[in-house]
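Visitor: Hello! I am in my first year and would like a close look at a single part. Please pick one, take me through it slowly, and then show me what lies around it.

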Amino acid sequence: MNKVLMSGNNIIGEAAIRAGCRFYAGYPITPQNELTEYMANHMRNTPDGVFIQSESEIAAINMIAGASAAGARVMTSSSSPGISLKQEGISSMAACELPGIIVNIMRGGPGLGNIRPSQGDYFQATRGGGHGDYRTIVFAPATCQELADLTMDAFDLADKYRSPVMILADGMMGQMMEPVVFKKPKARIYSEKFILQGAGTGKSKFIRGLILDAIDMEEHNWKLARKYKIIAENEIRYEEHQIEDAQMVIVAYGTAARIAKGAIKRLRDNGLKVGLFRPITLWPFPELNLRALSAKVKNFLVFEMSTGQMLDDVRLSLQGYAKIDFHGRPGGAVPTPSELANVIARNYDKND
Amino acid sequence: MAKKVFGRPKSLKENIFHYCPGCGHSIAHRLIAEVIDELGIRGITIGVPPAGCAVLAYNYFDFDMIEAPHGRGPAMATGIKRTLSDRVVFSYQGDGDLAAIGIAESFHAANRGENISVIFINNAVYGMTGGQMAPTTMLEQKTTTTPAGRHKTLDGYPVKVCELFSPLKGVTYVERCTVTSPANINKTRKAIKKAFQCQLDSLGFSLVEILSPCPTNWKMMPIDSCKWIDEVMSKEFPLGMFKDNITQEKKIAEAV
């Protein structure tokens, strides 16, 4: 297929429809409205496609939960405050093992915050977000091509593990335009036995998250935990950029990683050997892969558009193995590559 | 050979109800199961039970069910119905579920004219959590959170769901019934059947409200609970048909 020039929000929509998404529900919120509008425009021309502008994000997540149970490939999208509202439903989908895609085009927070790109929802995304003992797979694309590829992969993983999957990008990713190639989607593999479509002449079934018996509930938790362990063993993705000769490595994801690449280019032009470690899955976090890097690099700097959230995961990976510094710009402030390059240069020779 | 005139509906499992003696849920369950048997739709029905006393409805109903988070039944039913439009999808909701935490989901599903049915159990109290004030609690009614009785300036007024929902253009059929006597039970069965038939004919949103006794939390004997519905509760929540656009909608559907 030829390259097409599209904006991030539209790319997610197009990739989802190509991946077989046939049910989308969402509520307007900036900076992700183009995605909702794209689904409104294109679902109607897609056979069996359903688009609903819901009355709230809470309704949207529960609509996709119902459609997922009924066998459709489903997606909803929002931005930070709206994602907070969806947490009840995400927790419920994790409990009921319903596949579905939740897109968070992050903006500044907390509270209503602003509509500028930010990365303040890392904790919420990677720690489950809603109540209870569960995890969601979290993809953090950094290019428009990745928005396309990871959106398609998200549907496959959601089905494979019968779990909600989150795509965590920010307002910058949603708005930017880049040429993309849409890959051929894989055929869906999802057993009919998980789909609720009426009992026919057979035995009826039910899907539930309420398990009143503590021992049964415990077993359900352990069952989910075993699943998360398998995900953690098999689904980690990350990128290493210019680390071969690196004296110092930046750890950043999404838009922050793009800025870091720009900074690294400037620094290398000036002879500073700086590389980048970019987690693509934020959960599962590439902990051991990052730690392996500490065998040859001792100087790390975490850069996030937040006050330091992924920093915790980097500490879990590297504490005691290497020196960890941090630079953050929360609240919708987006630093330039040269600002970041200055910060990196100041830390480059530090050996404390 | 003797002819069997009464038996357990096929759409009910053999399990014994956990509901308290005198509770209206068991009657409502049975009526729904009878109607589903009668319409022959067990194989294509998907029910959405709520959080509340009826959360365990899937232990009793013998057709496909998916539990919704508190209040979200109509949103979930929307997702199911839009995906599988030839199935019969209904939500089963209590007063807190429909008229408090889930009023937005219920109201907008109705306003969209979703082709689903809502069975609404109004017992004027939160049953499962132990008898707190519901949106439909009567003025002066004592609950654990209105120990001196529901006070209009502190707690507001009982929410009247049928009266609120029936003016919506998306709504086709709304009726309020009760289960306090054999005659009322028969009327309720007819209303549930009409709601499901409305959905089978793709005529739009239907809602049946059932005034239902909760002797445990009302701290009354079952017989007095029925009397209280008949003499007190149904004055605030009058029984009857609030909207029946079925014939009108049928004509429109046939014209198209």
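Guide: Let us begin with the word "domain": here, the domain bounds come from an automatic or database domain assignment. Please also keep in mind that this is a predicted model. With that settled, you can split chain A into domain 1, residues 4–234, and domain 2, residues 239–348. Taken over C-alpha atoms, the centres of these two domains of chain A are separated by 28 Å.

The part I suggest for your close look is a sheet in chain A. It is an open sheet of 5 strands, with the order 10-12-11-14-15 and mixed pairing. At its edges you will find strand 10 (238–241) and strand 15 (323–328) of chain A, each of which pairs on one side only. As you go from one strand to the next, the twist averages 20 degrees. A helix packs on this sheet too: helix 9 of chain A, residues 254–269, touches strand 10, strand 11, strand 12 (274–279) and strand 14 of chain A. The direction of helix 9 makes about 170 degrees with that of strand 12 of chain A.

Now zoom in on one pair of neighbours in the sheet. Strands of a sheet pair through backbone hydrogen bonds, and they do so either parallel or antiparallel. Strand 11 (residues 248–251) and strand 14 (residues 299–304) of chain A pair in the parallel sense, over 3 bridges. To find the spot on your screen, look for Ile250(A), which stands opposite Leu301(A) in strand 14 of chain A.

Next, step back to see how the two domains of chain A meet. Domain 1 brings 27 residues into contact with 22 residues of domain 2. On the domain 1 side, at least two residues each come from helix 5 (122–126), strand 6 (137–139), strand 7 (164–170), helix 7 (171–175) and helix 8 (214–234) of chain A. Helix 5 of chain A gives the largest share of that side, with 4 residues. Sorted by class, the domain 1 side holds 16 nonpolar, 7 polar and 4 charged residues.

Chain A also has a partner, so follow it across to chain B. Their contact takes 33 residues from chain A and 29 residues from chain B. Strand 3 (50–53), helix 3 (57–69), helix 4 (80–96) and strand 9 (206–207) of chain A each supply at least two residues of the chain A side, and helix 3 of chain A provides the largest share, 9 residues. That side has 17 nonpolar, 12 polar and 4 charged residues.

You can even see strands pairing from one chain to the other. Strand 9 of chain A and strand 2 of chain B, residues 64–66, pair in the parallel sense over 2 bridges. Here Ile207(A) stands opposite Ile66(B).

Let us end inside chain B, which has 10 helices and 9 strands. Of its 256 residues, 56% are buried. One residue worth a visit is Asn123(B), in the loop between strand 4 (117–122) and strand 5 (125–126) of chain B. Asn123(B) counts as buried because 28 other C-beta atoms lie within 10 Å, and the cut-off for being buried is 20 or more. Leaving out residues up to four places away in sequence, Asn123(B) touches Gly24(B), Asp95(B), Ser212(B), Pro213(B) and Cys214(B).

Terms used. Residues are numbered from 1 along each chain as its sequence is written. Chains are lettered from A and ligands numbered from 1 in the order in which they are written. This is a predicted model: local features need pLDDT of at least 70, side-chain atom pairs count only at pLDDT 80 or more; totals for chains, interfaces and linings use all residues. Two residues are in contact if their C-beta atoms, placed from the backbone, lie within 7 Å. Ala, Val, Leu, Ile, Met, Phe, Trp, Tyr, Cys and Pro count as nonpolar, Asp, Glu, Lys and Arg as charged, and the others, Gly among them, as polar. Two strands pair if DSSP finds at least two bridges between them. A residue is buried if 20 or more other C-beta atoms lie within 10 Å of its own, exposed if 12 or fewer, and partly exposed in between; C-beta atoms are placed from the backbone. Axes are lines fitted to C-alpha atoms, for helices over the stretch in contact, and angles run from 0 to 180 degrees between N-to-C directions.
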